[in-house]
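Hello,

Here is the structure I promised to pass on to you. Please have a look at it first, and then read on for my notes.

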Amino acid sequence: MIEAVGYPDGAPDGALSFTFRVDGAEVLAEEAAGRIVLSCVLSDDESLLPQLARYAAGRLLKEEAALSFGPPGLSPPDRRPAAFLWQDAPAGSDGPALLGLFETFMNSCDWWRERVEGRRSSAESLSADSETMVIRP
């Protein structure tokens, strides 16, 4: 993954996880059970969860990244619970597939981070967000 995205820092030999630092965000890449899982913490503010959850169904129709809450990543389980985005792919994917995964995941992270920052910096309610369609079950 590191080579596929052209990231300047390398991981130690045999490492099963690596943290990318991109555009002010940390993206954790972990390999387990034949999958590469990317995750990015959006917020540890639980009060934002109901608002963020309202976007989740619509975003799943558009992208493969999923919103979750809990300790991000695969290990260790003692990480602080947070709202995070994650997406995975087969660990045996080729370089172009891994690059595509990383690029689409970063685009998803950017979209979600904009929403989190908008919720933090604004007292507006979610219903006042006229630019984003919300799909409700």
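**What the model shows**

Of the 137 residues of the protein, 37% count as buried. Please keep in mind as you read that this is a predicted model. The protein has three helices and five strands, and from the N terminus on these elements follow the order α-β-β-β-α-β-β-α. For contacts between residues at least 6 apart in sequence, 54% link residues at least 24 apart.

**The sheet**

The five strands make an open sheet with the order S1-S2-S3-S5-S4, and the pairing is antiparallel. Strand S1 (17-22) and strand S4 (66-70) are the edge strands, each pairing on one side only. On average, neighbouring strands of this sheet are turned by 30° against each other, direction ignored.

It may help to walk across the sheet, starting from S1. S1 and S2 are antiparallel and pair over six bridges; Phe 18 stands opposite Ala 29 in S2. The hairpin of S1 and S2 has two residues between the strands, and there Asp 23 takes a positive phi near 50°.

Next comes the pairing of strand S2 (residues 25-32) with strand S3 (residues 35-43), which is antiparallel over five bridges. Ala 29 turns up again here, as its bridge partner in S3 is Leu 38. Ala 32 stands opposite Arg 35 in S3. S2 and S3 also form a hairpin with two residues between them, and Ala 33 in that turn has a positive phi of about 55°.

S3 then pairs with S5 in the antiparallel sense, over eight bridges, with Val 41 opposite Phe 84 in S5. At the S4 edge, five bridges join S4 to S5, and these two strands run antiparallel. One of the positions to look at there is Gly 70, whose bridge partner in S5 is Ala 82.

**Ser 17 on the edge strand**

Ser 17 is in strand S1. Is Ser 17 buried or exposed? Neither label fits, because its relative accessible area of 40% makes Ser 17 partly exposed. Leaving aside neighbours within four places in sequence, Ser 17 is in contact with Leu 28, Ala 29 and Glu 30. Ser 17 and Glu 31 are 14 residues apart in sequence, yet their C-alpha atoms are 6.4 Å apart in space.

**The helix across the sheet**

Helix H2 (residues 49-62) lies across S4 and strand S5 (82-90), and it runs at about 145° to S4. Arg 59 has its place in this helix, H2. You might want to look at its surroundings: Arg 59 counts as buried, at 11% relative accessibility, and it touches Trp 111 and Trp 112, not counting residues up to four places away in sequence.

**The cysteines**

A search of the whole structure finds zero disulfides. Cys 40 is in no disulfide, and the nearest cysteine sulfur, that of Cys 109, is 3.9 Å away. Why is there no bond from Cys 109 to Cys 40? The sulfur of Cys 109 is 3.9 Å from that of Cys 40, its closest cysteine sulfur, and this is too far for a bond, because a disulfide needs the two sulfur atoms within 2.5 Å. Cys 40 counts as buried because its relative accessibility is 1%, and Cys 109 likewise counts as buried, at 0%.

**The largest pocket**

What about open space? The largest pocket holds about 330 Å³. Its lining is made by 14 residues, and those nearest the centre are Met 1, Ile 2, Ala 11, Ala 15 and Phe 18. Helix H1 (2-5), S1 and S2 are the elements that give two or more residues to this lining. Phe 18 is thus worth a second look in your viewer: it is among the residues nearest the pocket centre, and it also stands opposite Ala 29 in S2.

Best wishes

Note on methods:
Residues are numbered from 1 along each chain as its sequence is written. This is a predicted model: local features need pLDDT of at least 70, side-chain atom pairs count only at pLDDT 80 or more; totals for chains, interfaces and linings use all residues. Side-chain values use heavy atoms; hydrogens and water are left out. Two strands pair if DSSP finds at least two bridges between them. Helices (H or I, at least four residues) and strands (E, at least two) are DSSP runs, numbered from the N terminus. Axes are lines fitted to C-alpha atoms, for helices over the stretch in contact, and angles run from 0 to 180 degrees between N-to-C directions. Contact means heavy atoms within 4.5 Å. Buried means under 20% relative accessible area, exposed over 50%, partly exposed in between (1.4 Å probe, protein chains only). On a 1 Å grid over the protein atoms alone, a cavity is a set of points where a 1.4 Å probe fits but cannot get out, and a pocket is an open set with protein on both sides within 12 Å along at least five of seven lines; lining residues have an atom within 4 Å of a point. Grid points are joined across faces, edges and corners, and a volume is the space filled by probe spheres set on the points.
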